[in-house]
Amino acid sequence: MTPKPHAPSWPRSWYSDTAIACPPRPPLAGEVRADVCVVGAGYTGLVTAIELAGKGYSVTVLEAERVGWGASGRNGGQIVTGYNKPISTIANWVGKDDARHLWDLSEEAKAILADLVARHAIPCDLKWGYLHAALKPRHLEELRDYHHELEALGYGGTRMVERDEVPSLVACRRYVGGLYDARSGQLHPLNYALGLAAAAEALGVRIHEGSRVTHIDHGPAPSASTAAGTVRARFLVLAGNAYLGRLAPKIQSRIMPVATYMIGTEVLGPERARALIPADIAVADVNFVLNYYRLSSDHRLLFGGGVSYSGLDRPELAGLLRRTMLKYFPQLRDVRSDYCWGGHVAITLNRTPHLGRLSPTTYFAQGYSGHGVALTAVCGRLLAEAINGQAGRFDVFARLPHAPFPGPGPLKTPALVLAMTWYRMRDLL
Ligand SMILES: Cc1cc2nc3c(=O)[nH]c(=O)nc-3n(C[C@H](O)[C@H](O)[C@H](O)COP(=O)(O)OP(=O)(O)OC[C@H]3O[C@@H](n4cnc5c(N)ncnc54)[C@H](O)[C@@H]3O)c2cc1C
């Protein structure tokens, strides 16, 4: 009996149910040539492809499942300023000048994203406005320090929010204040990815879905092979991030794929939704394992948080996250959860993105540590610049020191669980 061809599809989520029309792309068949072969059609791979095509390169993208099937089609949709670590901490590792460049690049990331959405008319509900919410006075102090750091960097987007202003932004009684950032925001993550793919194709990029790369040669004549074909190229870009697995073990050890998940409520209706988040902004608290949420365009609450080390196929996850949501919004007790989905976010030990070269022909970017919606935009641009012979800005990222996670393969997770448990206890205290 001939085996059935693999028909990839997205895991069900509110995003997949509201995805823009997107016919499947054919898998790679036979041998093809391109200047650049990109492995992975998430934001990293797609922005890289767009930037390269704009410079005149022929690009083939190989995606194991569907465009946006990985973290790019499942995330919280939160566009966050900066990095997971303060610039002052980053300066301790790379010096003040590189840290300043990295700050500027993180700002460029948001500008590229906004420009891509506008230029290609991507219907992804892009909106600006964001609250970093403080659950404790200690969080508020941390946010004040962060606010001062941003001001010192010349960033004019933030202001402190005191307790009495919180209800005008979000109807959660637990917050003691926060930091409002007018230049962070939100979007529909899967539709952003699908829009990027359409933009790339309009520029001549070829995208093959259902095309898992099982072998790469990153020597002087690089290639990427699937079960049904091979792309021979001058350059490879590995953009598989948390889902790349063992294709490149050397970079795999620098990231930890952590399962995290989201729920979507039933439709609340415009009035009830607006009562919940009157400012219609994205919100995240500042716990180490943070919770983040926003309203959907059809007036649901999309609430994310939680971390699972034993995978995503656990029926109790939806209930656990719902209980957390009700701690923030007890007024939703009568509301059903219609959706629960999860994905893998790739974190690095120092929580900054990991960019580099496996060889002179093979580049990679991964490990955005929860800030990838925005940062992938600039990293895609820098990958393209480096391939085009201008690696100065790429190398600012490549100089960030990235140690492997301690412990061989399976021992990495227990070490991380221990560390996370410690931070969780600190949050609770
Ligand atoms: C639940 C969740 C919530 C998140 N929330 C936020 C948030 O609110 N804000 C934020 O900034 N970040 C968030 N993130 C992280 C963010 O989504 C990622 O940083 C970003 O999407 C990374 O994009 P990427 O293109 O590098 O990787 P991905 O989107 O994961 O894309 C990688 C692609 O490569 C493909 N692939 C892998 N291996 C192969 C192979 N061998 N052959 C072919 N294809 C391959 C995969 O199928 C996948 O489609 C969240 C992540 C998750 C999971």
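A residue counts here as buried if 20 or more other C-beta atoms, placed from the backbone, lie within 10 Å of its own, as exposed if 12 or fewer do, and as partly exposed in between. By that rule, buried residues make up 49% of the 429 residues in the protein chain. Please keep in mind that this is a predicted model, in which local features need pLDDT of at least 70 and side-chain atom pairs count only at pLDDT 80 or more, while totals for chains, interfaces and linings use all residues. Residues are numbered from 1 along each chain as its sequence is written.

On overall form, the radius of gyration, taken over C-alpha atoms, is 21 Å for the protein chain, which agrees with the value near 22 Å for a compact globule of 429 residues, the rule being 2.2 Å times the number of residues to the power 0.38. The C-alpha trace spans about 65 × 55 × 45 Å along its principal axes.

Turning to the interior, the largest nonpolar core, meaning a set of buried Ala, Val, Leu, Ile, Met, Phe, Trp, Tyr and Cys residues joined through C-beta atoms within 7 Å, has 126 residues, and Val-36 and Leu-196 have the most contacts inside it. The element that gives the most to this core is α11, with 11 residues, where helices are DSSP runs of H or I, at least four residues long, and strands are runs of E, at least two, numbered from the N terminus. Beyond its neighbours within four places in sequence, Leu-196 is in contact (C-beta atoms, placed from the backbone, within 7 Å) with Tyr-43, Leu-46, Val-47, Ile-50 and Leu-116.

Notes. Contact = placed C-beta atoms within 7 Å.
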